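Q: Hey, got a minute to walk me through this one? I'd like to start with how the chains are carved up.

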Amino acid sequence: MSDTHAQSVAFVRDTMLPEQPPPVTEAGAIKWVRENLFRGWFNTILTIVSLYIIFKIVSGAYPWFANGIWNTSSLAECREMLDGMTGACFSVLTERWNQLLFGFTYPPEAYWRPTLAFVLLIVALVPVLYPKAPRNMLAFTAIYPFLAYWLIWGGTLLIPLMVLVGFAAGYFAFKQFERQSFAMGMLAGFAATVVVIWVGGTIPAALPDVLALEAVRSRDLGGFMLNMILGTVCVSLSLPFGILLALGRQSSMPIIKWICVVFIEFIRGVPLITLLFVANVVLAYFFPPGSNIDLVLRVIIMITAFASAYIAEVIRGGLAALPRGQYEAANSLGLDYAQSMRLIILPQALKISIPGIVNVAVGLFKDTTLVAIISMFDLVGMIRGPILASTEWNGVYWELWGFAVFVFFIVCFTISKYSQWLERQLATDHR
Amino acid sequence: MLINDTRYRSYTFQFVALLLLVLAFGYLGSNLLDNLQAAGLNISYQFLGEPAGYDINQKLIPYTSQSSHWQAALVGVLNTLLVAFLGCLMATVIGVVVGVLRLSNNWLVRQLMSVYVEIFRNVPVLIWILIIMAVFIAVLPQPRDFRGDDAEASMVLGAFAFTGRGFYMPAPILGAGAGFVIAVFVASVAGIFAFKNYAKKSLYDRGKLIPTFWPSLAILFVPTILVYFLLGRPITLDYPALQGFNFQGGIFMRNSLISLWFALSIYTAAFIAENVRAGILAVSQGQTEAAASLGLRPRRIMNLVILPQALRVIIPPLISQYLNLTKNSSLAIAVGYMDLTGTLGGITLNQTGRAIEAIFLLMLFYLTISLAISAIMNVYNNSVKLKER
């Protein structure tokens, strides 16, 4: 180009201009601020409003936190120390710490037991939640429920031990008969479990003091411990039931399908609180006369039923999302129904359902606070009842509710972040 | 054998399942009968006709403590529907605003909104209800603070009083001819739809674009206001006024209703915001660009291309959030708002001891609502399903 025009134009530059840095407003932090905070008048107004809101929150909350008092024994004392300043009486948390965690009737000398159970829970959950953990840790996970029952409720170790032996017997029977057919295996396993527990059940009754911890009644459980117990137990129980219900709803056998559909739609159509009312006042009518099933167990039954219906719907979504070809491929391999489900369909369907299952789990954990309404003393029940009603702490709303919000937020937020991480770990497609 | 022959296997399984089900129900039923007999009870709905004997402080229909349990339940039903309706309305507004702001290009606003969503989604709604109730009572002035010449609190615009006991606001009084004004108003709303249809038809048939915004506004207000003044202002307002230690007159919304309403709204709004965000993100950028390259203007791109596609994704989860909100409204009992759970499932149950009957009716009510809403959702889903060849 320059050659052809060299004679026709007056000046042709034949050297490069030295490189210039970009204008200050178009680089680095200033560019970012311009683009993200002050692009256009509307955007600027939004920024100013947001800054004002943040300023309001921080300026209100900071002195409240900074002047917080941690070591008084009543609200009046705390107000006296604050002497008119803005400040939080966090001392309600330190003074009532054990009540908030364990409820107000759990025997204080046994606080170490639920604490230990909680620590062991983390150990037991590691192999379940973290796919790379050593697989033989799963053995501990299998023992954990029985250990935790013994630690929290106390009594002789023989009762959970016998149930554990029963389940082990069932598992071996299942393995023996599995080669014949899956259904036979399940039947044999179930029969063996029932027989062993039935027979073994007589042993603890004869020896109530072997390896016994001080027994704690269910109605003495409370505080955040109760939320944790209900949440963990009901989520883990509802998973297998949910899978069965989902498979039943997908089944081609009309009677089985309709039983599952009616159950799922009924449970999903009513609020959990009505189911808790059922647990509280109605369920006892359906047990054999004279039997005395305690409230925690009844609540666990109803919450599990509730969660299974929701989990079933999530898993049904996963099953429906699998391409038809997977079912056909499993059939063409000559696998029967149980094998194709266990080896081909469910592993994939469950993987797709993880986000949904975690949503249900988080929702369920939040819903465990509803037991406060049928006058059980979980974290919310403790705050609403014994603590706010006590003469020492009548009127400490912000600190207590702030604590409850904090605890639930930490747990639920961690669970949902974990599910996002797990989803990335399990993603095998679109690499 | 029946279990190994594929021709009969499914019948065997179903027969066994049915048998087990019948046996289980029979067992539970016989237990129930035995227990009822032992307690000297029976199943009967006679109690619904008996006088309730308790008062309800927030009601939409006339009710006294002499009214029957049946009427108490009806008051509860209406209260449930009231808070569910108000809640859905407010949750939608907040949810849409937050969901759109989460996609804003303003970094600060985006962060603030995700903090809002995460905090409210991850904490039980029961805690929010109780917190808002506590804050409500602690922060807002009591009616007695409005008294005197140098009162600590004053009414907003002379018509609204926000107190810790609840909100007082003016109530409309319908005089003679008020029905006519309302009829004109309803007719104008219908007129707007007719006008919009006409504008659409004119656009599609003759390619003529008729502006709709200002004419619609005129149709909405002009005839109604004209008739209102021509008939000599038949609708007047009854302002709440301080008498003694409390306000009289106007509409009174109790603090329990308001805190339940607010808590359900902001909690559900966090979920709706996520649905709205997902819906907008589901419409690919290419759609906007394609519409722009056809020469559509931004508002028309939004109305004709983006929204119809986004709404297909947004509405089903939105409706299930409405359903959740309605079911969560049963937590009213925690703050003493007398919804159906508070009347039929609460006081009526405790007074009459008819647990089975009361809870059965309670479940039936919620079940009916859920099934009705699911039916509506199915109809909608079918109507917006992509028509494939």
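A: Sure. Keep in mind that this is a predicted model. For chain A, the domain assignment gives domain 1 (24–66), domain 2 (94–106 + 218–426) and domain 3 (155–213).

Q: How far apart are the centres of domain 1 and domain 2 of chain A?

A: Going by C-alpha atoms, those two centres of chain A are 41 Å apart.

Q: And what domains does chain B get?

A: Chain B is split into domain 1 (6–42), domain 2 (49–150 + 255–384) and domain 3 (181–230). Between the C-alpha centres of domain 2 of chain B and domain 3 of chain B there are 31 Å.

Q: Back to chain A. How many helices and strands does chain A have?

A: Chain A has 19 helices and two strands.

Q: What's the radius of gyration of chain A?

A: For chain A it is 30 Å, whereas a compact globule of 431 residues would be near 22 Å. Along the principal axes, the C-alpha atoms of chain A fill a box of roughly 110 × 80 × 40 Å.

Q: What share of chain A is buried?

A: Buried residues are 31% of the 431 in chain A. As for contacts in chain A between residues at least 6 apart in sequence, 65% of them join residues at least 24 apart.

Q: OK, same tour for chain B. How many helices and strands?

A: Chain B comes to 11 helices and seven strands. Its radius of gyration is 27 Å, well over the 21 Å from the globule rule for 389 residues, so chain B is more spread out than a compact globule.

Q: What box do the C-alpha atoms of chain B fill?

A: Roughly 75 × 75 × 45 Å along the principal axes. In chain B, 29% of the 389 residues are buried, and residues 24 or more positions apart make up 66% of the contacts with a separation of 6 or more.

Q: Now the contact between the two. How many residues does each chain put in?

A: Chain B gives 49 residues and chain A gives 42 residues.

Q: Which element gives the most on the side of chain B that touches chain A?

A: That's H1(B), with 13 residues. By class, that side of chain B has 33 nonpolar, 13 polar and three charged residues.

Q: What ipTM does the predictor give the complex?

A: The ipTM is 0.87, and the pTM is 0.87. Chain B has an average pLDDT of 84, with 95% of the residues scoring at least 70.

Q: Let's zoom in on H13 of chain A. What does that helix look like?

A: H13(A) covers residues 254–269, which is 16 residues. From its first C-alpha to its last it reaches 22 Å, close to the 22 Å expected at 1.5 Å a residue.

Q: Which residues of H13(A) are buried?

A: A:Ile256, A:Ile259, A:Cys260, A:Ile264, A:Ile267 and A:Gly269.

Q: And what covers the buried residues of H13(A)?

A: The cover includes helix H12 (223–250) and helix H15 (295–321) of chain A, together with H1 and H11 of chain B.

Q: Last one: where is B:Phe185?

A: B:Phe185 is in helix H5 (residues 178–206) of chain B.

Q: Why does B:Phe185 count as partly exposed?

A: Because B:Phe185 has 17 other C-beta atoms within 10 Å, while a buried residue needs 20 or more and an exposed one has 12 or fewer.

Q: How far is B:Phe185 from B:Tyr228?

A: They are 43 residues apart in sequence and 10.0 Å apart in space, C-alpha to C-alpha.

Notes
Residues numbered from 1 in each chain as written. Chains lettered and ligands numbered in written order. Predicted model: local features only at pLDDT ≥ 70, side-chain atom pairs only at ≥ 80, totals over all residues. Helix = DSSP H or I, 4+ residues; strand = E, 2+ residues; numbered from the N terminus. Rg over C-alpha atoms; globule rule 2.2 N^0.38 Å. Contact = placed C-beta atoms within 7 Å. Nonpolar A, V, L, I, M, F, W, Y, C, P; charged D, E, K, R; others polar. pLDDT = per-residue confidence, 0-100. Expected span 1.5 Å × (residues − 1). Domains from an automatic or database assignment.
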